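The following account leads through a protein model from its surface and loops to its interior and its sheets. Please keep the sequence and the structure in view while reading.

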Amino acid sequence: MYSRLRHFFTTIYGRMQVKPSAHPVVVSVPICHYDDSESAKASRRQLKEALYSVLFDMNVPAVCAINQATLALYAARRTSAIVVNIGFHVTSVLPILHGKVMRKVGVEVVGLGALNLTGFLRELMQRKNIDFESLYTIRTLKENLCYVASDYEAELSKDTVASFEVSGEGRFTLSEERFQTGEVLFQPRIAGVRAMGLHQAVALCIDHCDAAELTGDNDWFKTIILAGGSACLPGLAERLEIELCGLLSPSMFKGIKVVSPPYGANSAWFGAKLISNLSTFPETWCMTKKQFRRNSRRNLISSW
């Protein structure tokens, strides 16, 4: 792991033409090892330890490592909410209170992500004998033509034809494929995926948060922040609210608000930027090389 991370960061700093010793750094770490078991804690600790070791060996003065869901939360100017992160392979639903992932409350993981959406759109295009060069073409069409219908059945009877020109490949025209792609998030079975729908996972997380009674104010988990590139599909936030209304009791649904990625696919980056601009950065946010070397790693590095 060390050698791969060292090569990665060396490449990044080389392309940016910046000396590692010039600035503290905020690192967005992947959301992995979701539960609160000892093995999961050890895996998270190992990854974080490797990040610190590599960066400090490259003479970075201070390092702040935060998971990408929390950074997206900060980008939305909040410290507490449920964050729905649609990743490449999986979608995670994380309750975050005061900047900390509440793993003991329960993190829901849905076995589908951006790759499933792209793959399903490819399948739909192949059924219509629409030729394309690569997955890049499919992804480009997904990002520019696809959306989530507020009412899937009603959308099937509408004229939804639209076109988009992909550089170097020409113009592509899609119709029902535009909203069938995003529908996978709510009806995974149409793409052959055995998983719960996104709305079901979020409702389950809300129930867990309510039952945990972590604070006197239970409204903190009624804000749901969407994160990840595929979370930018138009109509997703509105559809999720509609589905949650049908799953939750009226009292529980009251106050529910789903927020689209505040800065699109770059929300985690903007969250990191916000942190780095705080007057308390890097002192209260980062670990220094001296702290890392001096103190016991077991006591110093906590699971994030």
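Does Arg77 count as buried or exposed? The model is a predicted one, and in it Arg77 counts as exposed because its relative accessibility is 58%, above the 50% cut-off for that class. Arg77 is placed in the loop between helix 3 (68-75) and strand 3. Its backbone is also notable: although Arg77 is not a glycine, its phi is positive, about 60°. Most residues other than glycine have a negative phi, and most peptide bonds are trans.

Two further sites can be read against that background. Glu213, again not a glycine, has a positive phi of about 50°. It lies in the loop between helix 8 and strand 9, and helix 8 is followed by this residue. With a relative accessibility of 61%, Glu213 counts as exposed. The other site concerns the peptide bond: Phe281 and Pro282 are joined by a cis bond, with omega about 5°. Pro282 belongs to the loop between helix 11 (267-276) and strand 11.

From the loop at Glu213 one may step back into helix 8. This helix has 15 residues, which at 1.5 Å a residue should span 21 Å; the C-alpha atoms at its ends are 21 Å apart, in agreement with that value. Its buried residues are Leu198, His199, Ala201, Val202, Ala203, Cys205, Ile206 and Cys209. The elements that cover them include strand 3 (81-86), strand 4 (91-97), strand 6 (108-110) and strand 9 (223-227), together with helix 9 (236-247) and helix 10 (250-253).

These surroundings lead to the largest nonpolar core, which has 49 residues. Helix 8 (residues 198-212) contributes the largest share of this core, seven residues. The residues with the most contacts inside the core are Val202, Ile206, Ile224, Leu236 and Leu244. Leaving aside residues up to four places away in sequence, Val202 touches Val84, Val93, Ile224, Leu240 and Leu244. A second core, separate from this one, has 19 residues and includes Phe9, Ala50, Tyr52 and Val63.

Strand 9 deserves attention in its own right. Five of its five residues are buried, and both of its faces are covered: Thr223, Ile225 and Ala227 lie on one side, Ile224 and Leu226 on the other. Strands of a sheet pair through backbone hydrogen bonds, either parallel or antiparallel. Strand 9 pairs with strand 3 in the parallel sense over four bridges, and Ala227 is the bridge partner of Asn85. Strand 9 also runs parallel to strand 10 (residues 257-259), to which three bridges join it; here Thr223 stands opposite Lys257.

Another sheet is open and has three strands, in the order 1-2-11, with mixed pairing. Strand 1 (25-29) and strand 11 (287-288) stand at its edges; each has a single partner strand, so one side of each is left without a neighbour in the sheet. Strand 2 (residues 62-67) and strand 11 run antiparallel and are joined by two bridges, with Val63 opposite Met287. Val63 is also among the residues of the second core.

The aromatic side chains add a further layer, with a count of 10 aromatic pairs. The ring centres of Phe8 and Phe9 are 5.2 Å apart and their planes stand at 75°, so this pair is edge-to-face. The two partners differ in burial: Phe8 counts as partly exposed at 45% relative accessibility, whereas Phe9 is buried, with a relative accessible area of 9%. Trp220 and Phe221 also form an edge-to-face pair, 5.6 Å centre to centre and with 85° between the planes. Here Trp220 is buried at a relative accessible area of 8%, and Phe221 counts as buried at 0%. Ring pairs also link Tyr52, Phe56 and Phe292 into a cluster. An arginine meets a ring as well: the charged end of Arg239 sits over the ring of Phe186, 4.5 Å from its centre.

The account closes at Arg4, which has its place in helix 1 (residues 2-16). Arg4 is exposed, with a relative accessible area of 60%. Its C-alpha atom is separated by 42 Å from that of Glu176, a residue 172 residues apart from it along the chain.

Key: Residues numbered from 1 in each chain as written. Predicted model: local features only at pLDDT ≥ 70, side-chain atom pairs only at ≥ 80, totals over all residues. Heavy atoms only, no water. Core = buried A, V, L, I, M, F, W, Y, C linked by side-chain atoms within 4.5 Å. Buried < 20%, exposed > 50% of the residue type's maximum accessible area, 1.4 Å probe, protein only. Contact = heavy atoms within 4.5 Å. Expected span 1.5 Å × (residues − 1). Pairing = 2+ DSSP bridges. Phe/Tyr/Trp six-rings, centres within 6.5 Å; stacked < 30°, edge-to-face > 60°. Lys NZ or Arg CZ within 6 Å of the ring centre and 35° of its normal.
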